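Here are my notes on the structure, set out as numbered points. Please read them alongside the sequence and the coordinates.

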Amino acid sequence: MSERYQPVPGPPGRFLVGNTYEYDQDRLAFLARAQRDYGDVFRFSPTAVVVQDPELIHDVLVRTNAEFRAESPLVSGAAARFQELIDRRLPVWMSTRRKGWRGMNAAGSAAYGSRLLRQFAAIMDERAGREVEVLSLMKSFSGQAIADFCLGGQPAHRQPAHGEPAHGEPAHGEPADGQPVRGEPVRVVAEAVERAATAASALMASSLTLPHWWPTPRIRRFRRTAREVRSVLLEQIAARRAAGARPHPEDLLDELLHGEGAELSDEAVYDVLNVVLRASHGVPGASLSWIVRQFALDPDLAARVRKEAGDARLTTPDDPPDPAALPYTEAVIKEVLRMYPPTWLMGRDIVRETRVGEWNLRPGQQVMFCTYLVHRDPRWWTYPEEFLPERWLGGDVPHSRYAYLPFGAGPRICLGNQLGMTQLVLATAWLAARFDIEVSDLDSAVPAPQALLVPRGLRAVFHPRA
Ligand code: HEM
């Protein structure tokens, strides 16, 4: 080994399997132990280095697209082909990302508030009063909501009223006013994305990447579902193009096809929609599940959010308040994202020789960071294990300015962070205002660090408040 590449110290691991076995026994405990024993930079495997220092993490994140890549192939062996594809598409993605940003900024997200809340209210009304699996309920809402944000303006312009089924199908199957109703493309796309995300998380559930030529049912399903998403999206894009521009953009697809800036090819539009739908899949749903758990743990917290919703006159989903009028609710969400960041583990592939802190790293290696541990590190946070929304109201910022990164940072920061916050603030306020939550298995619903950090097996009954 040349001087240039001194091995980074880390747990030695076992013969053949390295650290994978110990890691899979308890992922968070393994990473916490390794950090305690080896410091803020440690080796996980010959190709993976874990970095836990917030300044170094930030440094890596801002250098993404140069020495680091955000995209990682799920199946090994596809890497070279995949990197070529990424290199070609990256500049296009970065410029289409800017175009997508316009549709998702604070104004775009706020304008979408009532549509979003109507969907949430309808889904919750439908499931109220009986025990439900919280994560699948919230994921199904967030999946539908994002698909609606992307494509929900199509083909008619009528919005479903509160009480009407969320995906826009009229109660008796007849289009209102003789018009086609929106909803069908949203449902088809949301379901295709759901299947693709389930197939991808089945691959990610294992810490080992499989060779791409290995024809396992999982890899075949992963490929088939990805093709399906591509085909339903390209179909929607073609149909919308053929229908021509509308006076005002009604969803992200309108914005991408007819908004300001250079015209995008169907392929570029597909890229944005695909990345947005995939990257947001389940993430707000996981956060809402943590909120449900937190409300069940602490009814006073729910009461305080309810009071704020009442003061802001949140009485009907048709006319929601500006999320800025709900600062305590926003602080609750920031605290949920601190203690339970859905994207609890992030990574970057190294594509050029580079240096991270005092270590030289080379192409083919991977850098990983565990935001869950950074967000609970007593060096950066006071009372890190306590749920304290007030810390976000009193200016008690972390001692390291980069120690809070639920949405990532740098050029690949979450594209939907404002939309995600709007969605979470309104849905959380609605939950507190309209329901008493009963959870029977609080003790067993502990953090499960899977593809996302989720409360394992959380079930609840949402009792409508009188
Ligand atoms: C609770 C809400 C959300 C959280 C915590 C979250 C978190 C994240 C994080 C941490 C990343 C960066 C991953 C990395 O750097 O490797 C990311 C990327 C992304 N997110 Fe989100 N997200 C949320 C909601 C959303 C929503 C609602 C959308 C879309 C409408 C969205 C769209 C995206 C996209 C497109 C990217 C990839 C950006 C790129 O690679 O250039 N996210 N998100």
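1. The sheet is the place to start. This is a predicted model, and in it an open sheet of three strands runs in the order β4-β12-β9, with antiparallel pairing. The edge strands are β4 (132-133) and β9 (435-439), each of which pairs on one side only. Between β4 and β12 the antiparallel pairing covers two bridges. Within this sheet, Val132 stands opposite Ala460 of β12.

2. Helix α12 lies across β9 and β12 and runs at about 85° to β9. Its end C-alpha atoms are 21 Å apart, which agrees with the 21 Å that 15 residues should span at 1.5 Å a residue. Of the 15 residues of α12, 14 are buried, so the helix is largely enclosed by the rest of the structure.

3. Helix α6 (residues 113-127) also has 15 residues, and the distance from its first C-alpha to its last is 21 Å, close to the 21 Å expected at 1.5 Å a residue. Its buried residues include Arg115, Arg118 and Gln119, alongside Leu116, Leu117 and Phe120. What do the buried residues of α6 pack against? They pack against α7 (134-151), α16 and β12 (459-464). The helix is followed by Gly129, whose phi is positive, near 85°.

4. Other strand pairings should be noted. Strand β5 (residues 345-350) pairs with β3 (residues 68-69) in the antiparallel sense over two bridges, and Phe68 has Ile350 in β5 as its bridge partner. β5 also pairs with β8 (residues 366-370), again in the antiparallel sense, over five bridges. There, the bridge partner of Leu345 is Cys370 in β8.

5. The ligand is surrounded by 25 residues, and the closest are Ser280, Gly408, Cys414, Gly416 and Gly420. Four helices, α4 (79-104), α11 (266-280), α12 (283-297) and α16 (417-434), each supply at least two residues of the shell. Which element gives the largest share of the shell around the ligand? That is α11, with four residues. By class, the shell has 17 nonpolar, six polar and two charged residues.

6. Two of the helices around the ligand recur in the points above. α12, which supplies at least two shell residues, lies across β9 and β12. α16, which likewise supplies at least two, is packed against by buried residues of α6.

7. Pro378 is found in the loop between α15 (371-374) and α16. Is Pro378 buried or exposed? It counts as exposed, because it has 10 C-beta neighbours inside 10 Å, and the cut-off for exposed is 12 or fewer. The C-alpha atoms of Pro378 and His399 are separated by 9.5 Å, with the two residues 21 apart along the chain.

8. For the protein as a whole, there are 16 helices and twelve strands. Buried residues make up 38% of the 466 residues. Among contacts between residues at least 6 apart in sequence, 74% join residues at least 24 apart.

How values were computed
Residues are numbered from 1 along each chain as its sequence is written. This is a predicted model: local features need pLDDT of at least 70, side-chain atom pairs count only at pLDDT 80 or more; totals for chains, interfaces and linings use all residues. A residue is near a molecule or strand if its C-beta atom, placed from the backbone, lies within 6 Å of it. Ala, Val, Leu, Ile, Met, Phe, Trp, Tyr, Cys and Pro count as nonpolar, Asp, Glu, Lys and Arg as charged, and the others, Gly among them, as polar. The expected span of a helix is 1.5 Å times one less than its number of residues. A residue is buried if 20 or more other C-beta atoms lie within 10 Å of its own, exposed if 12 or fewer, and partly exposed in between; C-beta atoms are placed from the backbone. Two residues are in contact if their C-beta atoms, placed from the backbone, lie within 7 Å. Two strands pair if DSSP finds at least two bridges between them. Axes are lines fitted to C-alpha atoms, for helices over the stretch in contact, and angles run from 0 to 180 degrees between N-to-C directions.
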